[in-house]
Amino acid sequence: MERPARRRVPRRLRTPYAPALALALVAGGFAAWAGQDWYDAAHDDRAAYAVQRDRALAAGEQAVQNLNTLDHRHLDRGLDLWEASTTGELREQLTAGRGAFAGQVKEAETVSTARVLSGAVTELDDRAGRARVLVALRVTVRAADGTRTDKDSRMLGELTRTDGRWKLSALGQAPVGGAPAG
């Protein structure tokens, strides 16, 4: 018994896995490239710096708003918030003058509320834990007789990071127009 002769099949038809192999190589290359790109982004100092900048700005805006908002009917709560928003010499000044200031506010029976219009971080030293912010806000003061006064102002604040949180360590009025800073 003779075996039937085998038909010769061209080599290219015997390798149906070649396109799959090429596709797997391309997918592997793409995965390696994407993985390297992801790793670079995850370990980029700029991303961590941007996070600290955003945290400093949010804390600075909130602290400036807190220090420009006070209701004579809830004075202790407002002054406690002032102290919680500050650190260092500014906090010491607020604590030392709390009694006299509380007496003035109770006598005047005023309610002041602040709304942040915009803000920006002007300096950030993440390693030293220091930042400066410029905050524009509108302060509305209601007097005991019901009159209301709105005032727009720009404040410069210095922030210090303590226990992982940004707090105001200095606050002052920003110069307007061509007025020299000083």
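# Salt bridges, a pocket and some single residues

Asp 54 has a relative accessibility of 44%, so it counts as partly exposed; that class lies between buried (under 20% relative accessible area) and exposed (over 50%), with a 1.4 Å probe and protein chains only. The structure is a predicted model, in which local features need pLDDT of at least 70 and side-chain atom pairs count only at pLDDT 80 or more, while totals for chains, interfaces and linings use all residues. Residues are numbered from 1 along each chain as its sequence is written, and side-chain values use heavy atoms, with hydrogens and water left out.

## Salt bridges

Side chains of opposite charge can pair when their charged atoms come close. Here a salt bridge is a side-chain nitrogen of Lys or Arg within 4 Å of a carboxyl oxygen of Asp or Glu. The whole structure holds 10 salt bridges by this search. Asp 76, Asp 80, Glu 83 and Arg 98 are joined in a network of them. The table gives some pairs.

| Salt bridge | Closest N and O atoms |
|---|---|
| Asp 54 and Arg 53 | 3.4 Å |
| Asp 71 and Arg 73 | 2.8 Å |
| Arg 132 and Glu 158 | 3.5 Å |

The pair of Arg 132 and Glu 158 links distant parts of the chain: Arg 132 is in strand S3 and Glu 158 in strand S4 (residues 148-162), 26 residues apart. Helices (H or I, at least four residues) and strands (E, at least two) are DSSP runs, numbered from the N terminus.

How exposed are the partners? Arg 53, the partner of Asp 54, is partly exposed at 35%. In the next pair, Asp 71 counts as buried because its relative accessibility is 16%, whereas Arg 73 is exposed at 56%. Arg 132 is partly exposed at 37%, and Glu 158 is partly exposed at 33%.

## The largest pocket

The largest pocket has a volume of about 200 Å³. Of its 13 lining residues, Leu 70, Phe 101, Val 105, Thr 110 and Ser 112 are the closest to the centre. Two elements give two or more residues to the lining, namely helix H6 (98-108) and strand S3 (130-142). H6 gives the most, with four residues.

What classes of residue line the largest pocket? Eight are nonpolar, five are polar and none is charged. Ala, Val, Leu, Ile, Met, Phe, Trp, Tyr, Cys and Pro count as nonpolar, Asp, Glu, Lys and Arg as charged, and the others, Gly among them, as polar.

A pocket is found on a 1 Å grid over the protein atoms alone, as an open set of points with protein on both sides within 12 Å along at least five of seven lines; lining residues have an atom within 4 Å of a point. The volume is the space filled by probe spheres set on the points.

## Three buried residues

Thr 160 sits in strand S4 and is buried, because its relative accessible area is 13%. The side chain of Thr 160 makes a polar contact (N or O atoms within 3.5 Å, one able to donate a hydrogen and the other to accept it, with residues adjacent in sequence counted only if both atoms are side-chain atoms) with the side chain of Arg 130, at 2.9 Å. Beyond its neighbours within four places in sequence, Thr 160 is in contact (heavy atoms within 4.5 Å) with residues including Thr 87, Gly 129, Arg 165 and Trp 166.

Ala 136 belongs to strand S3 and is buried at 18%. Gly 119 is 17 residues from Ala 136 in sequence, and their C-alpha atoms are 6.1 Å apart in space. Outside its neighbours within four places in sequence, Ala 136 touches Arg 115, Val 116, Leu 117, Ser 118, Ser 153 and Arg 154.

Ser 85 is found in the loop between helix H4 (75-84) and helix H5 (88-96). This loop residue is buried, with a relative accessible area of 9%. With neighbours within four places in sequence set aside, the contacts of Ser 85 are Ala 63, Asn 66, Leu 67, Lys 167 and Leu 168.

## Two residues with positive phi

Most residues other than glycine have a negative phi. Which values of phi do Glu 109 and Asp 163 have? For Glu 109, not a glycine, phi is positive, at about 50 degrees. Glu 109 lies in the loop between H6 and strand S2 (111-125), and at 39% it is partly exposed. Asp 163 is not a glycine either, and its phi is positive at about 55 degrees. The loop between S4 and strand S5 (165-173) holds Asp 163, which is exposed at 83%.

Methods: On a 1 Å grid over the protein atoms alone, a cavity is a set of points where a 1.4 Å probe fits but cannot get out, and a pocket is an open set with protein on both sides within 12 Å along at least five of seven lines; lining residues have an atom within 4 Å of a point.
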